[in-house]
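User: Could you take a close look at one helix for me and then show how it sits in the rest of the model? I would enjoy one connected walk-through.

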Amino acid sequence: MIINDQCTVVSQQQIAESIFELVLSGKIVEEMNEPGRFVHIKVTEGLDPMLRRPISIAAINKRSNEFTIIYRKQGRGTSLLANKKSGETVDILGPLGNGFSVAEANIGETAVLVGGGIGVPPLYELAKQLVTKGVKVISILGFQSQSAVFYEEKFASLGETYVTTVDGTYGKKGFVTDILGGLVVQPDVIYSCGPTPMLKAIEKGQYAAKVFLSLEERMGCGIGACFACVCHTKDDPAGHTYKKVCTDGPVFEAGEVAI
Amino acid sequence: MSRLNIELPGLSLKNPVMPASGCFGFGKEYSQLYDLNVLGAIMIKATTPEPRFGNPTPRVAETPGGMLNAIGLQNPGLEKVVSEELPWLEQYEVPIIANVAGSTEEDYVRVAEVISKAPNVHALELNISCPNVKTGGIAFGTDPEMAKNLTKKVKAVSEVPVYVKLSPNVSNIVSIAKAVEDGGADGLTMINTLLGMRLDLQTGKPILANRTGGLSGPVVKPVALRMIYEVSQQVHIPIIGMGGIQSAEDVIEFFYAGASAVAVGTQNFIDPFVCPTIIDELPQLLTQLGYQHISECTGRSWKQHEQFAYHRA
C-alpha cells in the first residue's frame, strides 16, 4: 500500500563525492518488500522546489524499521535533503513503482548486477535479497572516478564484485559493459540501473540472459496520474502505446520500452 | 445539515472541491489512496477523439512555487474513455465533469456528443485553453468569436451542461467569458495554465522538450483570483475556480473572488491527499470566519455588504 509517512532521520552521511547515505525510520518500512522501488520525497515545507524528488530505496531493514536511500547532491532539492540532521522528519510518499523481481532468478542460478553511478543503490537491496534466496550474485559497479566510488565492500560481502572508473583512477579503467562482456560465468539474469547510454549498451549486448533495466525520468506525481514520465514501447516506438516509468516501471524487461 | 453542498447547472455537489482535469488521470491512481466518494466531483483528463501520445519528455519543469507542464493532452481516446474509464468510475457516487478537447471544431463536437451520453458525466468542461498542443486548444480560447461559435456547436449536441475552461493567456478575459456566455455556456472554469518556460543553465536550451509549457501551482493563484474577480462581476453563469489552490483558506479566497466551486490541480502531485484534507477542514474554517454555508462566500470581494447582512444575523 502507498502511504504518506513522516519519517525520522536516523543518520545521514556523505559516503563519496556529492553522494549521501540517508537512513530513515517509519511505519512505511512495513510496506517495503520488493527491491528497486522508490520513495517520493518532499524535501521542504516551502514551495521551492515545488515537486517531490523520486529516490530509489537502497536497503530495507525490517527489524529496525529503517530504510536507506543514497542520492547525489546536485540541485536545490537534494541540497536541502543533504541538510537533514538526525532526529528531523522527512515527508515520504511510497513505496512506489515496480521494482526488480527476485523471482526471476532461481536458486543456484547466477545473477549479474550492473550499476552505474547513482544507479548503484537499488541494486544493493536486490543483491541482499538474491543472496538470501540462494542466488549467486556478481556485481559490476561503474563510476566516473575514484572519488565517486561507494558501497564496494558492501557488494563484495555478498559476492564477486568488480569496479570500473571512466578515468581509470580506481578499479578497471573503462565501462561496466567491458567487464560484463568478459565474464567467464554465463549469467542467468542481468539486473541493471544507471545512465541511459549504459542501459542501451546492455540491451544491445544480446546476452543470453533475462535482462531487467531500471529507468530514470523526470516525474511529477510519481503515482501514475500526471503522465510526465511516459515512454514509448519498443514494439510501437512512434505510436500511442506507452508505459509510465513511475508505475509500470521504473524496472522494465529489456525490449519492453524504447530507451 | 451540510454547510458545503452546492447546486450548479448539472451538478449537485456534496461539497465544492474537486480535482482539476489533468491532475487526477481518470481517478484510478488516487482511488488506491482514499475513497473517491468524498470528492464533490471529478474533472477527468482531457479526452480527444483519437488516442494521443502527447509530447516528448521532459514534460515537466519547476519554478519556485510552481511547475510547468507540457504533457500534450495524452489520453487513450474517446472510445476507450467511454468504454473503460467512465464505467470504472461508476462505482463512485461522484458526478464526473468530462474535459473535452480536440484540434478542430468537429473534434470537440464529436467528443461532446458521445461523452455527454455517459450516465455519470454530469457536465462537460470545454477545453479551449490547453497551451501545449499545436492545433486547437488555446486557439479557440483566445478569440471571442471562435470561442462563442465552438460553445454554440458543442451546446447543440451535448446532453449535459457545458462549462467552458478559460485561458489566462489573453489580454481581455472578460470579453472571452462574455462571448462564451453568449454562446450558451452554462458555466465557466478558470483558469487554465499560464504559458511559460524554463531554460537549462548548462545547455542554454529550454528544459521542456515542447520548449514552452503551462505554469500552475501557488504562483498563479493571484492571477486566477484577479481574473475570477473580474469575470464573475460581468457574467451571470457560475464559475468553478482553480489556480494554485493548496488549502481550505485558498478555497475561501476563490469563493470571495467570485467562484461557486473550486478545483485543485498541481497540489495533488505534491500531496495526493490534499482534496480530502481540504474538505475536512472547510467546515471549521467557515465557523472561524462566521459563515453558516460556504455559498455565502461567493463574490464577497465585490458584492455589497448588505447582501450578506441577513446571513450573519
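Analyst: Happy to. The bend at a residue is the angle between two fitted axes, one for the seven residues ending there and one for the seven starting there. Please keep in mind that this is a predicted model.

With that in hand, let us turn to α10(B). This helix has a kink of about 35° at Leu282(B), shortly before the proline Pro283(B). What does the length of the helix say? Helix α10 of chain B covers residues 274–289, and at 1.5 Å a residue its 16 residues should span 22 Å; the end C-alpha atoms are 21 Å apart, so the two values agree. Just after α10(B) comes Gly290(B), with a positive phi of about 90°.

Which residues of α10(B) are buried? They are Val274(B), Cys275(B), Ile278(B), Ile279(B) and Leu282(B). Leu282(B) therefore appears twice in this account, as a buried residue and as the site of the kink. A general point helps in reading such a list: an α-helix has 3.6 residues a turn, so residues three or four places apart point the same way. As for what lies opposite, the buried residues of α10(B) pack against β3 (17–19), α8 (248–257), β14 (261–264) and α9 of chain B.

Now step back to the chain around the helix. Chain B holds 11 helices and 14 strands. Its radius of gyration is 18 Å, close to the 20 Å that the globule rule gives for 313 residues, so chain B is as compact as a globular protein of that length. The C-alpha trace of chain B spans about 60 × 45 × 40 Å along its principal axes. Of the 313 residues in chain B, 57% are buried. Among the contacts in chain B with a separation of 6 or more, 71% are between residues 24 or more positions apart.

One of the packing partners of α10(B), namely α9, also leads us to the other chain. The contact between the chains takes 30 residues from chain B and 24 residues from chain A. On the side of chain B that touches chain A, the elements giving two or more residues are α1 (28–31), β5 (60–63), β6 (66–69) and α9 (267–270) of chain B. Sorted by class, that side of chain B has 16 nonpolar, 10 polar and 4 charged residues.

Across the contact, chain A has 5 helices and 15 strands. The radius of gyration of chain A is 18 Å, close to the 18 Å from the globule rule for 259 residues, so chain A too is as compact as a globular protein of its length. Its C-alpha trace spans about 50 × 45 × 35 Å along the principal axes, and buried residues make up 49% of the 259 residues in chain A.

Chain A is divided into domain 1 (3–96) and domain 2 (102–214), with C-alpha centres 23 Å apart. Their contact takes 14 residues from domain 1 of chain A and 12 residues from domain 2 of chain A. On the side of domain 1 of chain A that touches domain 2 of chain A, β1 (3–16), β4 (53–61) and β5 (66–72) of chain A each give two or more residues, and β4(A) gives the most, with 5 residues. By class, this side of domain 1 of chain A has 10 nonpolar, 2 polar and 2 charged residues.

Methods:
Residues are numbered from 1 along each chain as its sequence is written. Chains are lettered from A and ligands numbered from 1 in the order in which they are written. This is a predicted model: local features need pLDDT of at least 70, side-chain atom pairs count only at pLDDT 80 or more; totals for chains, interfaces and linings use all residues. Domain bounds come from an automatic or database domain assignment. Two residues are in contact if their C-beta atoms, placed from the backbone, lie within 7 Å. Helices (H or I, at least four residues) and strands (E, at least two) are DSSP runs, numbered from the N terminus. Ala, Val, Leu, Ile, Met, Phe, Trp, Tyr, Cys and Pro count as nonpolar, Asp, Glu, Lys and Arg as charged, and the others, Gly among them, as polar. The radius of gyration is taken over C-alpha atoms; the globule rule is 2.2 Å times the number of residues to the power 0.38. A residue is buried if 20 or more other C-beta atoms lie within 10 Å of its own, exposed if 12 or fewer, and partly exposed in between; C-beta atoms are placed from the backbone. The expected span of a helix is 1.5 Å times one less than its number of residues.
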